[in-house]
Amino acid sequence: LGGSISRAIQQMSNATIIDEKVLNECLNEITRALLQADVQFKLVREMQTNIKKIVNLDDLAAGHNKRRIIQQAIFNELCKMLDPGKPSFTPKKGKPSVIMFVGLQGSGKTTTCTKYAYYHQKKGWKPALVCADTFRAGAFDQLKQNATKAKIPFYGSYTESDPVRIAVEGVETFKKENCDLIIVDTSGRHKQEAALFEEMRQVSEATVNPDLVIFVMDSSIGQAAFDQAQAFKQSVSVGAVIVTKMDGHAKGGGALSAVAATKSPVIFIGTGEHMDEFEVFDVKPFVSRLLGMGDWSGFMDKIHEVVPMDQQPELLQKLSEGNFTLRIMYEQFQNILKMGPIGQVFSMLPGFSSELMPKGREKESQAKIKRYMTMMDSMTNEELDSSNPKLMNDSRIMRIARGSGRQVREVMEMLEEYKRLAKIWSKMKGLKIPKKGEMSAL
Ligand code: GDP
Ligand code: MG
């Protein structure tokens with residue numbers, strides 16, 4: 001008896017040591033990843049402390065998938081850190097709102113102003129742009145060019161040097177014109193300096209207090225994010241954050257700092273120089289990118305759940321070669337339909353979630369997927385297996401429409417959807433494919 005008790009005690013203590021070891025290993029690994037992703041050291045420490053409180057070592061001892069449990073806890077903790085607890089001000093269509101953009105020079109304010117305006121314009125808003133940057137030569141020209149391209153009304157001056165005056169006049173003008181989204185672009189400086197913050201304060205006060213001040217942050221500024229965000233917050237009441245240049249190498253860990261410093265949520269991210277390279281901020285893919293999992297939060301898990309076992313290696317292989325063909329899309333649609341109620345399962349699969357399958361509209365999404373598949377049934381093997389978008393010329397599109405009894409417009413919509421997904425999934429290129437048995441460890 002004595003022997004078995006002591007054995008049990010020994011086993012227990014061994015188990016604890018082993019699990020603590022796993023936990024610490026995991027934490028260290030992830031700490032490295034987060035620091036590399038420019039998450040502020042202080043925030044990483046905070047996360048570690050919280051994780052140690054949350055993760056129950058007994059649970060770990062019982063469960064097989066220790067790394068999975070820990071990683072999930074870390075994932076959730078980071079998601080929480082990106083949530084300041086209250087949503088930002090949301091403008092209402094038809095009611096005038098003044099939105100002011102602030103940030104250092106080069107952070108992407110002017111570009112993002114236009115993207116923000118364009119995004120809303122497409123949804124039926126009446127946006128307008130005001131250039132209150134009198135500091136940089138050419139600032140007004142840049143805004144004018146962007147605005148003209150997007151057919152958005154703008155206001156600015158080549159001669160007036162007082163940004164406050166322009167802001168006031170611009171806002172007044174567009175209120176009279178019943179614009180419902182009056183966007184004020186402001187100036188920046190290369191460094192944080194008192195003069196800039198004083199100017200922001202004055203513009204903010206004079207424009208009769210903007211309904212929302214958006215802090216624009218370049219994802220590549222690294223550890224400087226916290227101080228920068230805090231400095232802006234101290235002079236104007238920042239209420240939301242937009243992180244730009246997420247198409248580059250930076251993982252954007254500074255966003256956590258910006259949220260912590262401004263107590264405001266990230267609302268959009270910029271993913272390129274073009275007007276439509278702009279996405280609603282989605283916390284899960286963002287966090288997985290931070291953790292070095294690419295844009296693929298729980299992606300392997302989801303592949304596991306959704307893609308039949310025997311198809312998994314092949315799919316991953318194809319994706320790692322960067323070929324997201326129409327056939328792959330077709331096969332994934334088949335998998336989706338087989339799964340039954342699809343809303344939840346796919347909430348984490350990149351691209352398949354928010355756009356293609358909005359929450360609460362699962363029935364419609366399902367019908368749409370079936371419609372797409374009917375059209376794809378009229379495609380040739382060559383078309384299904386090609387990853388050359390140019391192949392789909394007018395005559396092919398017309399043939400597919402005829403063959404499936406659908407409108408040309410619908411075939412084009414389906415191909416657009418394909419292009420959108422292909423763009424997202426092309427990031428899988430070069431993906432390291434986990435060997436058998438390693439998958440569940442992710
Ligand atoms: P501002 O000084 O804050 O007004 O910054 P700008 O809007 O003039 O942008 C500075 C540079 O960053 C320009 O060359 C933009 O094209 C570029 N830029 C802005 N946003 C993005 C983005 O999301 N991705 C990439 N790749 N470039 C961007
Ligand atoms: Mg600018």
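**A tour from ligand 1 to the sheet**

Begin with ligand 1: helix α5 gives the most to the shell around it, with 3 residues. Helices (H or I, at least four residues) and strands (E, at least two) are DSSP runs, numbered from the N terminus. The model is predicted, so local features need pLDDT of at least 70 and side-chain atom pairs count only at pLDDT 80 or more, while totals for chains, interfaces and linings use all residues. Residues are numbered from 1 along each chain as its sequence is written, and chains are lettered from A and ligands numbered from 1 in the order in which they are written.

Next, select G108, K109, T110, T111 and G270, which come nearest of the 17 residues around ligand 1 (C-beta atom, placed from the backbone, within 6 Å). The shell has 13 polar and 4 charged residues and no nonpolar ones, where Asp, Glu, Lys and Arg count as charged, Ala, Val, Leu, Ile, Met, Phe, Trp, Tyr, Cys and Pro as nonpolar, and the others, Gly among them, as polar.

Now display the strands. An open, mixed sheet of 8 strands appears in the order β3-β2-β4-β1-β5-β6-β7-β8; two strands pair if DSSP finds at least two bridges between them. At the edges, β3 (154-155) and β8 (278-280) each pair on one side only. Strand β2 (residues 127-132) runs parallel to β3, joined by 2 bridges; select L129 and its bridge partner in β3, F154.

Finally, select helix α6 (residues 139-149), which lies across β2, β3 and β4 and runs at about 170 degrees to β2. Such angles run from 0 to 180 degrees between N-to-C directions, with axes fitted to C-alpha atoms, for helices over the stretch in contact (C-beta atoms, placed from the backbone, within 7 Å).

Terms used:
Contact = placed C-beta atoms within 7 Å.
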